[in-house]
Amino acid sequence: MEFANKEYLFLLLLIIPYIVWFLMFRKKSEPTILMADTNAFTYAKRSWKVMLMPIQLLLRILAFTMLVIALARPQTHDAMQNESIEGIDIMLAMDVSTSMLAEDLRDDSRDIKNRIEAAKVVAAEFIAGRPNDNIGLTIFAGESFTQCPMTIDHASLLSLLRNVQTDIAARGLIEDGTAIGMGLANAVSRLKDSNAKSKVVILLTDGSNNRGDLSPMTSAEIAQSLGVRVYTIGVGTNGTARYPLSVGNHVQYVQIPVEIDTQTLTNIAKTTNGKFYRARNAEELREIYHEIDKLEKSKIEVQRYSRRYEDYQRFALIALGALLLEILLRITIFRRIP
């Protein structure tokens, strides 16, 4: 606890002369009765009222003490403190091509139906676990754009992440396909002006580069020159995957081949001092994000600010209560008749 007006606490020193006065001089000012002989009272017992009379002194001292503390304006603890936290700049680059609707990462226990939903759920968990990081989101299919620039407003980021759908390619809003090079370049461009000690891109895709003006390795070299580390994740089972195909008003399921360019993804990671991961199911994808979370820890010193709250009310109430009780006792139980 801190006091905004500490100088008022010196008033507590007045308690000492008051106690001295009470014990040594107050009795001289009280009414007395002259008696010729007091032997008759030598063995008389003191009544309980007489024994409890000092409680009035204690109540006055308590009231005065609490009033002085209230005047000193007690407040909550430090409004500013230095802390060492883990914070880095991260861009998530997520494939949203129509092939991400394949259901080989389905997890009914978590209401995950396909690859894109698995990617969103696990990415959301990753974001929630890193409250001190600047995190942004790039999405790509045959083209790429930034869904959310880097921010510490993770509530907004998660809202934009939930809105990510593969229908932007299915409806022709952007060209379908897999432009890994463009997705990576877009994410790296968001990190080029970062002053963070650690800059990371987590690139997730389920295919091989077949669109875009930049090759994946060109983007990887740009990332390497800017000190950006890239973790690449290839999602999809081995062999073929169940895929929903719309035929008129009906949906038919077909098996499509899983074609992930693991060599290119490995080369991207190697060039940027990152790592390549392979996720064949939702649980493996979650474990990959957990491993990346453990790998990317960078200690930074920050100052945290918190609000100050006045805390005088309880002391003022105690002072008022003690004063009222002392007055009540003085005019009732300890009332004196001159």
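Student: What does the secondary structure of the chain come to?

Tutor: Eleven helices and twelve strands. Keep in mind that this is a predicted model. Of the 338 residues in the chain, 39% are buried.

Student: Okay, helices then. Why are α7 and α8 called roughly parallel?

Tutor: Look at the angle. The axes of helix α7 (residues 180-189) and helix α8 (residues 216-225) cross at roughly 20° and come within 7 Å. Angles under 35 degrees count as roughly parallel, so α7 is roughly parallel to α8. The crossing is left-handed, by the way.

Student: Which residues make that contact of α7 with α8?

Tutor: From α7 you have I180, G181, L184, A185 and V188, and they meet P216, S219, A220, I222 and A223 of α8. Sorted by class, that contact has eight nonpolar residues, two polar and no charged ones.

Student: What makes α7 largely enclosed by the rest of the structure?

Tutor: Count the buried residues, where buried means under 20% relative accessible area. Seven of the ten residues of α7 are buried, so the helix is largely enclosed. Those are I180, G181, G183, L184, N186, A187 and V188.

Student: And how do you know how α4 and α10 are oriented to each other?

Tutor: Again by the angle: helix α4 (residues 115-128) and helix α10 (residues 282-295) pack at about 30°, with their axes 10 Å apart. The cut-off for roughly parallel is under 35 degrees, and α4 and α10 are therefore roughly parallel to each other. Their crossing is right-handed. On the α4 side the contact is made by A118, A119, V122, A123, E125 and F126, and on the α10 side by A282, L285, R286, Y289, I292 and D293. By class, the residues of this contact are nine nonpolar, no polar and three charged.

Student: Let's switch to rings. Why is the pair of Y231 and Y277 called tilted?

Tutor: The count comes to three aromatic pairs in all. In the one formed by Y231 and Y277, the centres are 6.5 Å apart and the planes are at 35°. Planes under 30 degrees apart count as stacked and over 60 as edge-to-face, with the rest tilted, so 35° makes this pair tilted.

Student: What does the pair tie together?

Tutor: Y231 lies in strand β8 (residues 228-235) and Y277 in strand β11 (residues 275-279), so the pair ties together parts that are 46 residues apart in sequence.

Student: Are those two tyrosines buried or exposed?

Tutor: Set them against the 20% limit for buried. Y231 has 4% relative accessibility, so it counts as buried. Y277 comes in at 5%, so Y277 counts as buried too.

Student: Now loops. What is notable about the phi of R73?

Tutor: R73 has a positive phi of about 55° although it is not a glycine. Most residues other than glycine have a negative phi. R73 sits in the loop between α3 (54-71) and β2 (74-75). Its relative accessible area is 32%, which falls between the 20% and 50% limits, so R73 is partly exposed.

Student: Which residues does N5 touch?

Tutor: Leaving out residues up to four places away in sequence, N5 touches L71, A72 and R73. N5 lies in the loop between β1 (2-3) and α1 (15-24). The C-alpha atoms of N5 and R73 are 6.0 Å apart, though 68 residues separate them along the chain.

Student: Why does N273 count as exposed?

Tutor: Exposed means over 50%, and N273 has 60% relative accessibility, so it counts as exposed. N273 is in the loop between α9 (262-271) and β11, and its phi is positive, near 65°.

Technical notes. Residues numbered from 1 in each chain as written. Predicted model: local features only at pLDDT ≥ 70, side-chain atom pairs only at ≥ 80, totals over all residues. Heavy atoms only, no water. Axes fitted to C-alpha atoms, helices over the stretch in contact; angles between N-to-C directions. Helix = DSSP H or I, 4+ residues; strand = E, 2+ residues; numbered from the N terminus. Parallel < 35°, antiparallel > 145°, perpendicular 65-115°, else oblique. Left-handed = near helix turned anticlockwise from the far one by under 90°. Contact = heavy atoms within 4.5 Å. Nonpolar A, V, L, I, M, F, W, Y, C, P; charged D, E, K, R; others polar. Phe/Tyr/Trp six-rings, centres within 6.5 Å; stacked < 30°, edge-to-face > 60°. Buried < 20%, exposed > 50% of the residue type's maximum accessible area, 1.4 Å probe, protein only.
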